[in-house]
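Here are some notes for a colleague who is opening this structure for the first time. Please keep the model in view while reading the points below.

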Amino acid sequence: MSTDDDRHDALGLAELVRTRAAHPRELVDRAIARIERGNPRLNAVIHRMYDAARREADAVDVGSGAPFVGVPFLAKDLVSTWAGEPHSSGSRLTAGWVAPHDSELARRFRAAGVITVGKTNTPEFGIVPVTEPALHGPTRNPWNLERTCGGSSGGSAAAVAAGFVPMASGGDGGGSIRIPASCCGVFGLKPTRGRTPLGPDHGEAWQGCAIEHVITRSVRDSAAMLDATHGEDAGAPYAAPPPKRRFAEEVGAPPGRLRIAFTKAALLPADVDPACVRAVEDAAQLLASLGHELVESHPTFDGEQVAVDFLTMLVGEVAADVADGERLIGRAARIGDLEPETAVLARMGHAVPAVEFALASRRLRALSRTIAPWFAGFDAFLTPTLAQPPVAIGALKPKAAEAVVLRVAQRLPIGGVLHKLGALDQMAGRAWAFTPFTAVWNVTGQPACSLPLHWDAGLPIGVQLVGRFGDEATLLRLASQLEAARPWMGRRPPPL
């Protein structure tokens, strides 16, 4: 950001617009200049909407009362659609497909006053926890260009961390807001299931595991955008409990003395890197110094079974995503339209019997019944966000032998594919080894956030706070208290 913009989060920039200290066109032009300067190295923005953004900026009603009036914004190229703009979902299958209408969340973003200047990179259909699609190439971490920015909202997190814009949209089906927030040193909140809208095109996503929100530099921006976007979504299968007051009012409100559980042990099968252990120990000490009671504890459940059930659900949803993509473009997928991993996962989805998919979904739903009684004894739960620091670009890609198997498997009949599942098991194992702390809370629907409180060897190491179902309020009070105690907005990656 320019020197002036760099001192402000999104609400701060909106205040400049309201007081006429800055014009929306100035903010948009400066954001565009930053993208054009830094994106060739970062590859976070994969579609530009500059002309429309400039027209919108010139027409802004400064006195509209919108909380983010005139603020430049970037949109993740997955799930939510912007009318008249390409929507590829990171896939060669749907590259070039143009959305006919705004999604409900996009409409609410517009009403909040942001001006969308472009769309950000995402892995194919948001499947993996890194952003390295064959369609657009990898997005790099602004703290170290050889490391991942995380995924699937990696383009958004990298763009916010690099200062292209102060806020960008994201979605989270297994950690996809929190993972890149941790990798890029920014704030990412996954709201409670049903808190933000998925209409009109989706009833739910990934069996209710996925939800959209934003990635931000400050806690207050996230809270204010949640105020602007939550609420009734016509036809939604469920809704989050209404908040007792505005989320923005929770920011800076005293949290009181809370009883907070914490763990350094992975919730799904994985080893935890010492740097991530140190991050959670440091956060626990900081919380204790702020007057909270810290108890080392975690809920007990069969993590291996959860991992298997989540993968079973995932392959079914990938098959459905591919089928939806085929419907949008009016033809079946061909060899080369899909990355080999996606193609084989989709074939697995077709091969899994309906009864196995249903049983896996039932077991995942039952996980909430196991965790809720344990959570009743705590106000929040602290974990590492990830089990490893940001891994190298390409570290989670199939190894050479697996890649050969995948290329062959996508051309085989279903039986042949299923005989080759050893490679897929290894791929899934590498993904869970990176992200064993996040997906559980997508399954239960509880709110969770990643906070950039720790750095190791120049790389951000996030910690995760989880709240009770429907209780973003406690998370926002606690997160803002930590932000005040250890401010992170002044930390910036090297210039691009």
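The numbered points that follow take up the nonpolar cores, the largest pocket and two individual residues.

1. Please bear in mind throughout that this is a predicted model. The largest nonpolar core is a convenient place to begin: it has 43 residues, and those that touch the most other members are Phe301, Phe381, Val440 and Trp441. Two or more residues of this core come from each of helix H10 (303-329), helix H11 (340-351), helix H12 (354-375) and helix H16 (439-444), and H10 gives the largest share, with nine residues.

2. Phe301 deserves a closer look within that core. When its neighbours within four places in sequence are set aside, Phe301 is in contact with Leu267, Leu268, Val306, Leu367, Thr370, Ile371 and Val440. There is also a second, separate core, which has 31 residues, among them Val45, Tyr50, Leu145 and Phe164.

3. The largest pocket holds about 700 Å³ of space, and its lining is made up of 34 residues, with Leu78, Val79, Ser89, His202 and Asp321 lying nearest its centre. At least two lining residues are supplied by each of strand E6 (167-172), strand E8 (211-216) and H10, while the largest share, seven residues, comes from H10. Sorted by class, the lining has 13 polar, 12 nonpolar and nine charged residues.

4. Arg193 sits in the loop between strand E7 (187-190) and E8. Is Arg193 buried or exposed? Arg193 counts as buried because its relative accessibility is 14%, which is under the 20% cut-off. A polar atom of the Arg193 side chain lies 2.9 Å from the backbone oxygen of Asn442, and Asn442 is also listed, with Tyr238, Val443 and Phe469 among others, as a contact of Arg193 once neighbours within four places in sequence are left aside. Although Arg193 and Ala210 are 17 residues apart along the chain, their C-alpha atoms are separated by 7.8 Å.

5. Thr263 is placed in the loop between strand E9 (259-262) and helix H9 (274-289). Its relative accessible area is 2%, and Thr263 is therefore buried. The Thr263 side chain reaches the backbone nitrogen of Ala265 at 3.1 Å. Not counting residues up to four places away in sequence, Thr263 touches Val280, Ser297, His298, Phe381, Leu382, Thr383 and Pro384; of these, Phe381 has been met already, as one of the residues that touch the most other members of the largest nonpolar core.

How values were computed: Residues are numbered from 1 along each chain as its sequence is written. This is a predicted model: local features need pLDDT of at least 70, side-chain atom pairs count only at pLDDT 80 or more; totals for chains, interfaces and linings use all residues. Side-chain values use heavy atoms; hydrogens and water are left out. A nonpolar core is a set of buried Ala, Val, Leu, Ile, Met, Phe, Trp, Tyr and Cys residues joined through side-chain atoms within 4.5 Å. Buried means under 20% relative accessible area, exposed over 50%, partly exposed in between (1.4 Å probe, protein chains only). Helices (H or I, at least four residues) and strands (E, at least two) are DSSP runs, numbered from the N terminus. Contact means heavy atoms within 4.5 Å. On a 1 Å grid over the protein atoms alone, a cavity is a set of points where a 1.4 Å probe fits but cannot get out, and a pocket is an open set with protein on both sides within 12 Å along at least five of seven lines; lining residues have an atom within 4 Å of a point. Grid points are joined across faces, edges and corners, and a volume is the space filled by probe spheres set on the points. Ala, Val, Leu, Ile, Met, Phe, Trp, Tyr, Cys and Pro count as nonpolar, Asp, Glu, Lys and Arg as charged, and the others, Gly among them, as polar. A polar contact is a pair of N or O atoms within 3.5 Å; within protein, one must be able to donate a hydrogen and the other to accept it, and residues adjacent in sequence count only if both atoms are side-chain atoms.
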